[in-house]
Amino acid sequence: MRILGIETSCDETSAAVLRGSGDAVQLESLVILSQDVHRIFGGVVPEIASRQHLTSIIPVIDQALGDAGVTLAGLDAIAVTHAPGLVGALLVGVAAAKGLSLSTGLPLVGVHHLEGHLFATSLEHPSAVPPFIALLVSGGHTMLLDVSAWGRYQLLGATRDDAAGEAFDKAAKLLGLPYPGGHHLEALARDGDPTRFRFTRPMLRRDQRLGDDDYYDLSFSGLKTAVMLAVKASPNIAADAAHIARGFQDSLTETLAEKVARAVRATGHTRVVLGGGVACNRALVSAVQQRAGSGVAVLAPSPRIATDNAAMIARAGLYHAEQGHWASLDLPATSGATIPGMRPR
Ligand code: KG4
Ligand code: ZN
């Protein structure tokens, strides 16, 4: 099967063509157009995002088809992100996908953006297939999942307040770094002394036991406040910024790594798959590897596949197409909605 993927949930207009069946797939093209305009505002402005998607979506799809050397007639299905995200932004991709489906007769698949992130790593690491523990860390979500099979997701824990990426962005802003700040903060932290600022590890206590509410859960808003207080108290922020960044990153990555290690111990899985933009963070990948142990394979995508892209939407869409999970033309664009197949705790 050859499938076109479309992604417009936030500030990337992206299209991709993927071909294959089961877990044997080949990416034939991937176009990602990032909307740099939001940097000026220090965050994504929904109305501007929608308008930019609107002007870019057709050229981006055209280029993805051209790069793959196919026309619409060479496709078998169209997959599109329909939730969650900015509704106005999602609507652009959903409307484009519906228009193409209606005019060509190609069947439509609606993909949940976070399920896309779950599939993303397998595009680069063929062994990133279930069963595995998944840590999804993006700008909007932070979740720990037991993935026993594609389509079967047990939620283990989630953040109770800020997402990991949001915490990175806010800490970066406090340190005067540009938006989105995750990779700038990581670069700054490389020169930081880990002993200068030891922030608390949120939601991490020795007496936590499996079954406790907070055993897997996360929380980053207190850490953000700790960074704010450290910045305010610093007599020389230019000299301290790197040390604060390092202290923040160590606290966040070690907390995530410990929760992942707990999930590995409880389930016996030998693979950990990281997904979402924060999975680009090398300190996170090595902290998870260190805590999980050498018998566990920790698989992280490259930055292009970790951050929002349509290849992951095509990959998740292929799975649903093979299951016959077709969408009708009344497929809604929604901001919420849980991952299909996800069991709550
Ligand atoms: O998955 P993603 O591209 O978009 C969402 O679906 O949210 O994630 C974007 C997030 C941003 O918060 C960004 O700061 C963060 O990923 N990020 C990083 C790094 N690269 C991107 N955070 C920490 N370290 C990085 N190297
Ligand atoms: Zn995302």
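Helices and strands are here DSSP runs, helices of at least four residues and strands of at least two, numbered from the N terminus. The model is predicted.

**Exercise 1.** Find the cis peptide bond that ends at Pro131, and place Pro131 among the helices and strands.

Solution.
- Step 1: go to the bond from Pro130 to Pro131, which is cis with an omega near 0 degrees.
- Step 2: look at the elements on either side; Pro131 is in the loop that runs between α3 and β6 (132–137).

**Exercise 2.** Do the same for the cis bond that ends at Pro84.

Solution.
- Step 1: the bond runs from Ala83 to Pro84, and its omega is near -20 degrees.
- Step 2: Pro84 belongs to the loop between β4 (77–83) and α2 (87–104).

**Exercise 3.** Describe the phi of Met203 and say which loop holds this residue.

Solution.
- Step 1: phi of Met203 is positive, about 60 degrees, although the residue is not a glycine.
- Step 2: the loop in question lies between α5 and α6 (221–233).

**Exercise 4.** Describe the shell of residues around ligand 1.

Solution.
- Step 1: count the residues; 19 surround the ligand, and the closest are Gly139, Asp169, Glu186, Gly277 and Asn281.
- Step 2: sort the shell by class, which gives four nonpolar, 12 polar and three charged residues.
- Step 3: assign residues to helices; at least two come from each of α3 (113–120), α4 (164–174) and α5 (182–189).
- Step 4: assign residues to domains; domain 1 (2–118 + 306–343) and domain 2 (127–300) each give at least three.

**Exercise 5.** Which side chains place a polar atom by an oxygen atom of ligand 1, and how much of the ligand does the protein bury?

Solution.
- Step 1: apply the cut-off for a polar contact, a pair of N or O atoms within 3.5 Å.
- Step 2: in His113, a polar side-chain atom is 3.4 Å from a ligand oxygen, and His117 also has a polar side-chain atom at 3.4 Å from a ligand oxygen.
- Step 3: for Asp308, a side-chain N or O atom is 3.2 Å from an oxygen of ligand 1.
- Step 4: turn to area; ligand 1 taken alone exposes 560 Å², of which the protein buries 87%.
- Step 5: locate the site; ligand 1 sits in the largest pocket.

Methods:
Residues are numbered from 1 along each chain as its sequence is written. Chains are lettered from A and ligands numbered from 1 in the order in which they are written. This is a predicted model: local features need pLDDT of at least 70, side-chain atom pairs count only at pLDDT 80 or more; totals for chains, interfaces and linings use all residues. Side-chain values use heavy atoms; hydrogens and water are left out. A residue is near a molecule or strand if one of its heavy atoms lies within 4 Å of it. A polar contact is a pair of N or O atoms within 3.5 Å; within protein, one must be able to donate a hydrogen and the other to accept it, and residues adjacent in sequence count only if both atoms are side-chain atoms. Accessible areas come from the Shrake-Rupley method with a 1.4 Å probe; for residues, only the protein chains shown count as cover. On a 1 Å grid over the protein atoms alone, a cavity is a set of points where a 1.4 Å probe fits but cannot get out, and a pocket is an open set with protein on both sides within 12 Å along at least five of seven lines; lining residues have an atom within 4 Å of a point. A molecule sits in a cavity or pocket if more than half of its atoms lie within 2 Å of its grid points. Ala, Val, Leu, Ile, Met, Phe, Trp, Tyr, Cys and Pro count as nonpolar, Asp, Glu, Lys and Arg as charged, and the others, Gly among them, as polar. Domain bounds come from an automatic or database domain assignment.
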